[in-house]
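Reader: I am new to this structure, and I would like to understand how its descriptions are arrived at. Could you take me through the reasoning with care?

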Amino acid sequence: MSEQKLMSLIASIGELDAAAMAAAEQHVNSLTKPPGSLGRLEGIAIQAAGITGELAADVSKRAVIVMAGDHGVCEEGVSAFPAEVTPQMVMNFLAGGAAVNVLARGAGADVFCVDMGVNADLEHAELITCKTRKGTANMAREAAMSRDDATAALLGGFDLAARLAADGYRMFATGDMGIGNTTASAALCAVLGGMTADEAVGLGTGINEERRLHKVEVVKRALSCNRPDAADPIDTLAKVGGLEIAGLAGVILGAAANRSIVVVDGFISSAAALVAVSLAPQAAAYMIGSHLSQEQGHAMLLRKLGLSPMIQLDMRLGEGTGAVLAFHFVDAAVAVMREMATFESAGVSRE
Ligand SMILES: Cc1cc2ncn([C@H]3O[C@H](COP(=O)(O)O)[C@@H](O)[C@H]3O)c2cc1C
Ligand SMILES: O=C(O)c1cccnc1
C-alpha cells in the first residue's frame, strides 16, 4: 500500500521546464560578458530556471534538512567514534552548536533536524520525529531494516520536503548524522553504483588503513549475507542502507516533485541521491552537486551520479555542511540573472 503510494508520488516528478531553460540561456547570453565566461554559474542559473520555471527564482527561503539515524553495523567496529555520538549530535544541532548550524546561519538557511531512527528517546520542541525503529539492525548479520521501514522512511522524507515546499522553501540542502553511516553508504555504492567494496569504503570519521580493510570485509559480509537486488532499490536500501539515508532519498524525490532545487552534500547524501535516482532517474535533473568530500568513494560516486562538485575544501563531515556552503554559489548564479545588465541596457558593444 505505502509502496504504491511512493511509486505514484515518484511518477509525479516531471521534466525540467524546457521553455524556462531556453529563456534563461538566451538571457545569460545577453548579459555584459563574453559568452560562457561565468562558467558553471551559467549552467546553474539555467538549471535553476528549469527547476523553478522562473528566470531568477526567489530562493531566499532555504532549508538544510539534517536527518539522523543509528546503525547496527557499528557493533562491527567500523567507526572511529561510538554510536552514542548520534543522539548527542542531534541535541547539538538543536542547540545550534554544530558546524552545519554555523554554516547555515552564514547562508541564511533554516536547519530542520529529523530523528529518522536514533537509538535514544529524544525530546525537543524543534525536533521532527519520523521514526519507525531505534536504529538499523547489523547488516553484516541480517537485513538492516524491513522493506516497510525503508518505504516509510522514504515517504517521511518526501512528505517533509513537500510540506516545506508548500511553506515557501525553494532550495534544500541534504544533511546526515549517523555514526556508522559511511559503511551503509559504501554498501549502497557497491550495489547500486557498481563499485567494488574497496573503492567504496573510506576512512569515515578517521579510522586507519588497517581498520578500513576490516570495514571492507564488513561490507562484503553484508552483501553476501543479504544478497540485495541491485534492480530493486528499496530492497537494497532495506538490506544495507540506513534510516536517515532512506529519509534523505525521500527528501530528494520530494524536492524534485515540488520543483525545488536540491543541493546534495557529501558521501552519505550522495549515496541517498543514488537511491533516489535508482528509483526515479528524472529526479537527477533537480540535484546540484556541492563539494567533493575527502571520503575516498565520493569522487567515483559523483561521476556515477553525473554531478560535478562546485567546491573542494577537503571536508569530510556530512551534516549538510558542504551543501549549505554551495548555497552561496547558487545565490551568485541567480543574482547574475536578476541583476546583471545586458549589452543592450548598458550600451556595451558586441559583434
Ligand atoms: C562529532 C561528530 C560529528 C559529526 N557530524 C557528522 N559526522 C559524520 O560522521 C559519521 C560517519 O562516519 P563513520 O561512518 O566513520 O561513523 C556520520 O555521523 C556523519 O554525519 C560526525 C561525526 C562525529 C564523530
Ligand atoms: O562526505 C561525507 O558526507 C562524510 C565523510 C566522512 C564522514 N562523514 C561524512
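Author: Please bear in mind that this is a predicted model. Around ligand 1 there are 18 residues, and those that come nearest are Ser79, Thr182, Gly204, Thr205 and Gly318.

Reader: What makes a residue count as near ligand 1?

Author: The test is a C-beta atom, placed from the backbone, within 6 Å of the molecule, and therefore a residue that meets this cut-off counts as near. The shell around ligand 1 draws at least two residues from each of helix 4 (85–95), strand 4 (171–177) and helix 7 (181–192), and helix 7 gives the largest share, three residues.

Reader: How do you know how many residues of the shell around ligand 1 are polar?

Author: Gly is counted among the polar residues, and by class the shell has nine polar, seven nonpolar and two charged residues.

Reader: Why is the chain described in terms of domain 1 and domain 2?

Author: The bounds come from an automatic or database domain assignment, and this assignment gives domain 1 as 2–56 + 336–346 and domain 2 as 62–330. Taken over C-alpha atoms, their centres are separated by 27 Å.

Reader: What makes residues of domain 1 and domain 2 part of the contact?

Author: Two residues are in contact if their C-beta atoms, placed from the backbone, lie within 7 Å, and the contact takes 18 residues from domain 1 and 22 residues from domain 2. On the side of domain 1 that touches domain 2, helix 1 (2–11) and helix 3 (40–52) each supply at least two residues, with the largest share, seven residues, coming from helix 3. By class, that side of domain 1 has nine nonpolar, five polar and four charged residues.

How values were computed: Residues numbered from 1 in each chain as written. Chains lettered and ligands numbered in written order. Predicted model: local features only at pLDDT ≥ 70, side-chain atom pairs only at ≥ 80, totals over all residues. Helix = DSSP H or I, 4+ residues; strand = E, 2+ residues; numbered from the N terminus.
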